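Here's a quick briefing to keep open while you turn the structure around on screen. Take a look first, then read on for the parts worth clicking through.

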Amino acid sequence: MEIEEAWRRKHRIHLETPRLLLRPLVLEDVDWLAGLFADREVNRFLWEGASALEQARRTAEAVVSLDLMRCRFGHWAIQDKATGVVHGWTELSKLRPWSGPSDEIALSYVLGLKSWGRGVATEAAGRLLRHAFEVSGLNRAMAVIIADNTASRRVLEKLGMRAIGNPESAEWKNLQYFRIDAPMSAEEFF
């Protein structure tokens, strides 16, 4: 337990950008998380799709509970520093064992509709990616999106990620995998 807390203090810290605060999830995040899990438009390009509000709340509670136990990786809430509004989350986690690589750490993000098209995903995911390389010592990071999600494709490309291989079908969805290797120096990082 003591080792886990030391890892958490090192890796699950608050991160900042000029506009945003990225912070590990807390119990009070369940309500806005449930709203995202229940929003049909937000979930259009996600793996499992939107949930009914009651199920979305149970999922949000489980995500926060599990996240509090993680030491090195997990979710960071994306909060606007000026207004306090929570835009969504960004995450580092083990890449799910779909048909692609499964021993990699993946970057992901989900934003509420009002935050789309404002550069929030690029800014937040970029900051978390930098943390992954500089503090967590990752050699590479992956991402996987539904192939038709052009907005997420643009975000990943802005971060320097490149598509690897052709889209693959998995459970009736075409998935596209992306990858970025750790930069040799901080100046190389977007």
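Start with two aromatic residues: Phe37 and Trp89 are both buried. Keep in mind that this is a predicted model. The chain has 190 residues, and 45% of them count as buried.

**The aromatic pair**

- Phe37 and Trp89 form an aromatic pair, with ring centres 5.5 Å apart and 50 degrees between the planes, which makes it a tilted one.
- If you go hunting for others, note that the structure holds 1 aromatic pair.
- Phe37 sits in helix H2 (residues 30-38) and Trp89 in strand E4 (residues 86-94), so the pair ties together parts that are 52 residues apart in sequence.

**The overall layout**

- The chain's secondary structure adds up to 5 helices and 8 strands.
- Going along the sequence, you'll meet them in the pattern α-β-β-α-α-β-β-β-α-β-α-β-β.
- Among contacts in the chain with a separation of 6 or more, 61% are between residues 24 or more positions apart.

**The nonpolar cores**

- The largest nonpolar core contains 29 residues, and Leu22, Leu92, Leu107, Leu128, Leu129, Leu156 and Met161 are the ones with the most contacts inside it.
- Several elements each supply at least two residues of this core: strands E2 (20-24), E3 (74-80), E5 (105-111), E6 (140-146) and E8 (173-181), plus helices H4 (120-134) and H5 (150-158).
- H4 gives the largest share of this core, 8 residues.
- What does Met161 touch, not counting residues up to four places away in sequence? Its partners are Leu107, Ala141, Met142, Ala143, Leu156, Phe178, Arg179 and Ile180.
- There is also a second, separate core of 15 residues, including Leu25, Val42, Ala60 and Val64.

**Two helices, H4 and H3**

- H4 is mostly covered, with 12 of its 15 residues buried.
- The buried residues of H4 include nonpolar ones such as Leu128, Leu129 and Phe133, but also Glu123, Arg127 and His131.
- Is the length of H4 what you'd expect? At 1.5 Å a residue, its 15 residues should span 21 Å, and the end C-alpha atoms are indeed 21 Å apart.- Helix H3 (residues 53-69) has 17 residues and reaches 25 Å from its first C-alpha to its last, close to the 24 Å expected at 1.5 Å a residue.
- The buried residues of H3 are Ala56, Ala60, Val63, Val64 and Asp67.
- These buried residues cover an arc of only 95 degrees around the axis, which puts them on the same side of H3.
- On the face of H3 turned away from that buried side, you'll find the exposed residues Glu54 and Met69.

**Strands E6 and E8**

- E6 and E8 pair in the antiparallel sense, over 7 bridges.
- Within that pairing, Ala143 stands opposite Phe178 in E8.
- E6 is mostly covered, with 5 of its 7 residues buried.
- Gln176 lies in strand E8, and its relative accessible area of 2% makes it buried.
- Leaving aside neighbours within four places in sequence, Gln176 has a list of contacts that includes Ala143, Val144, Ile145, Arg153 and Asn166.
- Asn166 is 10 residues from Gln176 in sequence, and their C-alpha atoms are 6.8 Å apart in space.

**Two more residues to click on**

- Thr17 belongs to the loop between strand E1 (15-16) and E2.
- Buried or exposed, what is Thr17? Thr17 has a relative accessible area of 10%, so it counts as buried.
- Beyond its neighbours within four places in sequence, Thr17 is in contact with Lys81, Glu123 and Arg127. Glu123 and Arg127 are themselves among the buried residues of H4.
- Met184 lies in the segment after E8, and it is exposed, with a relative accessible area of 74%.
- Met184 and Asn139 are 45 residues apart along the chain, with 10.0 Å between their C-alpha atoms.

Definitions and conventions: Residues are numbered from 1 along each chain as its sequence is written. This is a predicted model: local features need pLDDT of at least 70, side-chain atom pairs count only at pLDDT 80 or more; totals for chains, interfaces and linings use all residues. Side-chain values use heavy atoms; hydrogens and water are left out. A nonpolar core is a set of buried Ala, Val, Leu, Ile, Met, Phe, Trp, Tyr and Cys residues joined through side-chain atoms within 4.5 Å. Buried means under 20% relative accessible area, exposed over 50%, partly exposed in between (1.4 Å probe, protein chains only). Helices (H or I, at least four residues) and strands (E, at least two) are DSSP runs, numbered from the N terminus. Contact means heavy atoms within 4.5 Å. The expected span of a helix is 1.5 Å times one less than its number of residues. Rings of Phe, Tyr and Trp (its six-membered ring) pair if their centres lie within 6.5 Å; planes under 30 degrees apart count as stacked, over 60 as edge-to-face and the rest as tilted. The arc is that of the directions from the helix axis to the C-beta atoms. Two strands pair if DSSP finds at least two bridges between them.
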